[in-house]
Amino acid sequence: MATSLESRIMYTSSPGMKRHTAVEMTSFSTPHASNSAARHSKTVFNQVNPPLEMKKKSSLVDGILPEISESAHGNHPGDGYTRVRTESESIEMNNVTNEVPVRPKGRQKVPPVVRCGSTLGPTRIPPYLRSAPVRRLRHPLEESPIWGAAGGALSGALSLAVALPALLLLFFLLPICLLARSMAFLVAVWGRRTATGNTDSWADRPEPVRGNDARWLGPTWRRSVLHAVLVFDSGLEVGALRQLVANRVLPRHPRLTSRLINLPPPAPPCWLHDPRFKIERHVFSAALKPSKRKVKGEGATPKRVTEKQLQKYVARLIAAGLPASKPPWEMRVIRGYGKHMDTVAVLRVHQCLADGMSLVRLLCHALADSRVLHVPQQPHFGGQSFSLNAVRACLAGPLTLLLWLLLLAAGGVKDRGGGWWSDCNPLTQRASWSGRITLCWSANIALPKVTRVKHVTRSTVNDVLMAALAGAVRGLLQGCGVRQPPNLRVVLPVDLRSDISSPKPTSRMGCKVAPVVVALPVAIEGAVPRLWAMRKSLETLKSSPEPVVVYGATAALMALLPQKWACRVLNIPPSTASLQFSALPGPPGTLLVGGHPLKGVFPILPVPEGLGLSISAFTYADQVYVTVAADSGLAAAAKVLLSHLQAQIELLWQLLLHRRLPGELRPPPISRNSDLARPTVQE
């Protein structure tokens, strides 16, 4: 009688960091097999792998490993069991024993182990579990500059050949399109004003939505809302916070009192003052059912909101979006959070109104009790570099757009992700996605450790965080069965403001962010070499015109094409990536709002269409607050990725702990007092 045995094994073992690996073992009996063979295969497995712990737990690879087992079982109908073995497990087994497992009595044979990335046939390993080829690691200084110079000269010649006719055509069509849209806007505003008969609401001059702000309208409205969870002291009341926003924020940023008005095409939407604006509709208390669990050591049962409940509540807000009938922002206040009964304010702002850096400046310059210069560093993409890169973008932009269109036409990139040019790994398998968002966050990363690694390696905080992210993704993919993970692409929003370090308050908000695609060095094994590779990649990005190309292409396409077509072209580069990462610098000290300290800030960048993971980091008061927003099908991956990220930061800090900082002198030798007091030796 045929029988089957299935079990999943979750284990954690690593000398330097926590690793969560899921392995599935399936035992199928053949017409000549018996129950004893299945029991024997399980006994042999447990003897060879004694530290493994058997647990019934769902994981990221629940939908991946059955496919491997099914394909392997179809190719070997007489196998006793089939399992996936990772690289670290194979090394551990080779060190433990070299003996061949004892075969059970009968005609069963122990099958060969299915290894990820092996050449056992295309039907054995799915494409998203195949390993990358192992290559020799080279230091950035070892690379020859000849190939870079030759590639730069070739790309410059192609860019010049494509840019000249494209710029002539653009200079001819762009003024005509802008003039037509302006005339259509004036006619639509006049028609709306005369049709409604209420000239009071149209007394203020309507302002059309231009450039990068218009990208987040239309079909992407619901998925383009920024969220931030602000944790205050328990004494802050809803009425006091509402009064602070009305007195400090709204006079400096009048755009917050305007709402969007859709006009007949080809006229763009416009911002218009909302005559029904009330602060009570935007800053209000939220009803969240508190938990009734008892606290250890206390007899009473406090009614408090747990972290898990708050995460689920914010996830529902992300899926709901913002209404278009009022200015697209709101702040929901929740009392009784955590064991200290803190006050939480969930800030929701649409990206057509402001981006992440605009909200940070609003928090530091307007809402806080004292104005704080929150960014002590100079801008990398704005100022003079922005003007220089704008000229370079005029030459490189037409060739970049041509390559995007060729990829879209050739099937390399699809509308909602996929294609032969896109990343193929367990994080991009959209068949298991559900469309629901889950959240997890942590504040266990100490900023002084990140700063120490930054100073020793002469890099930036963003370099260190992205290098740690590469190591976390590598550990996650190895846990899914990928023996040698390949490099991935990550979407990185780049801020192009030129006055990012200016202490002067400004009323300008808007979205001046260009999402670019950067390679993530996941294929590199060492933590420090990953940091060198990530630093080189970001330095190349700082000197390249790619962010300005994306920003200028957004403004040009929104003016020339309908919004649906323009968004389809602009979504080509992000569709090739595997995840999104954003890091914002916050104030170095604790802020006071109405006399109450701001304990923590958890930023949440929305997950773009076609991606399943979005990681957001925020540095504030000697802590790094990290939030992972993921599809519910990748909920287990989000938690494992967050724990791996913390372990990678700790690993980098441990490796570079005893290295001197640039310019730091060697400490003097330590001598004992007894040696100094000892008399000289007499001959």
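This passage walks through a buried strand, its neighbours, a histidine in a loop, several salt bridges and a surface patch in a predicted model.

A good place to start is strand β7, which spans residues 225-232. Of its 8 residues, 8 are buried, so the strand is largely enclosed by the rest of the structure. In a regular strand, side chains alternate between the two faces of the sheet. Both faces of β7 are covered. On one side sit V225, H227, V229 and V231, and on the other L226, A228, L230 and F232, all of them buried.

Strand β7 has pairing partners as well. With strand β12 (residues 342-350) it pairs in the antiparallel sense over 8 bridges, and within this pairing V225 stands opposite H350. Strand β18 (residues 596-604) also runs antiparallel to β7, and 6 bridges join the two. Here V229 has F602 as its bridge partner.

A second set of pairings involves strand β9 (270-273). Strand β6, made of residues 207-208, is joined to β9 by 2 bridges and runs antiparallel to it. Strand β8 (residues 258-261) is likewise antiparallel to β9, with 4 bridges between them. For readers following along in the structure, C270 is a handy landmark: this β9 residue is the bridge partner of P208, and I261 also stands opposite C270.

The loop between β9 and β10 (283-285) holds H282. This histidine has a relative accessible area of 1%, and therefore counts as buried. Its side chain reaches the backbone oxygen of W329 at 2.7 Å. Leaving aside residues up to four places away in sequence, H282 touches F277, K326, P327, W329, E330 and M331.

One of these contacts, E330, leads on to the charged pairs. Side chains of opposite charge can pair when their charged atoms come close. Across the whole structure, a search finds 11 salt bridges. The side chains of E330 and R332 meet in one of them, at 2.9 Å from N to O. E330 is buried, because its relative accessibility is 2%. Salt bridges that share partners join K326, E330, R332 and R348 into one network. Two members of this network, K326 and E330, are thus also among the residues that H282 touches.

Another salt bridge links R255 with E207, where the closest N and O atoms are 2.8 Å apart. This pair connects distant parts of the chain: R255 lies in the loop between α5 (238-249) and β8, E207 belongs to strand β6, and 48 residues separate them. R255 counts as buried because its relative accessibility is 19%, under the 20% limit for that label. E207, at 37%, is partly exposed.

R248 and D369 form a further salt bridge, again with the closest N and O atoms 2.8 Å apart. R248 lies in helix α5 and D369 in the loop between α7 (356-367) and α8 (384-410), so this pair ties together parts that are 121 residues apart in sequence. Both partners are partly exposed, with relative accessibility of 26% for R248 and 36% for D369.

Finally, the surface offers a nonpolar patch formed by L169, F172, L173 and I176, which together have about 390 Å² of accessible area. L173 lies in helix α4 (residues 145-196). At 34% relative accessibility, L173 counts as partly exposed.

Note on methods
Residues numbered from 1 in each chain as written. Predicted model: local features only at pLDDT ≥ 70, side-chain atom pairs only at ≥ 80, totals over all residues. Heavy atoms only, no water. Patch = residues over 30% accessible without salt bridge, like charges linked within 9 Å, V, L, I, M, F, W, Y side chains within 5 Å. Areas by Shrake-Rupley, 256 points an atom, 1.4 Å probe, with all protein chains shown as cover. Salt bridge = Lys/Arg side-chain N within 4 Å of Asp/Glu carboxyl O. Buried < 20%, exposed > 50% of the residue type's maximum accessible area, 1.4 Å probe, protein only. Pairing = 2+ DSSP bridges. Polar contact = N/O pair within 3.5 Å; in protein donor to acceptor, adjacent residues only side chain to side chain. Contact = heavy atoms within 4.5 Å.
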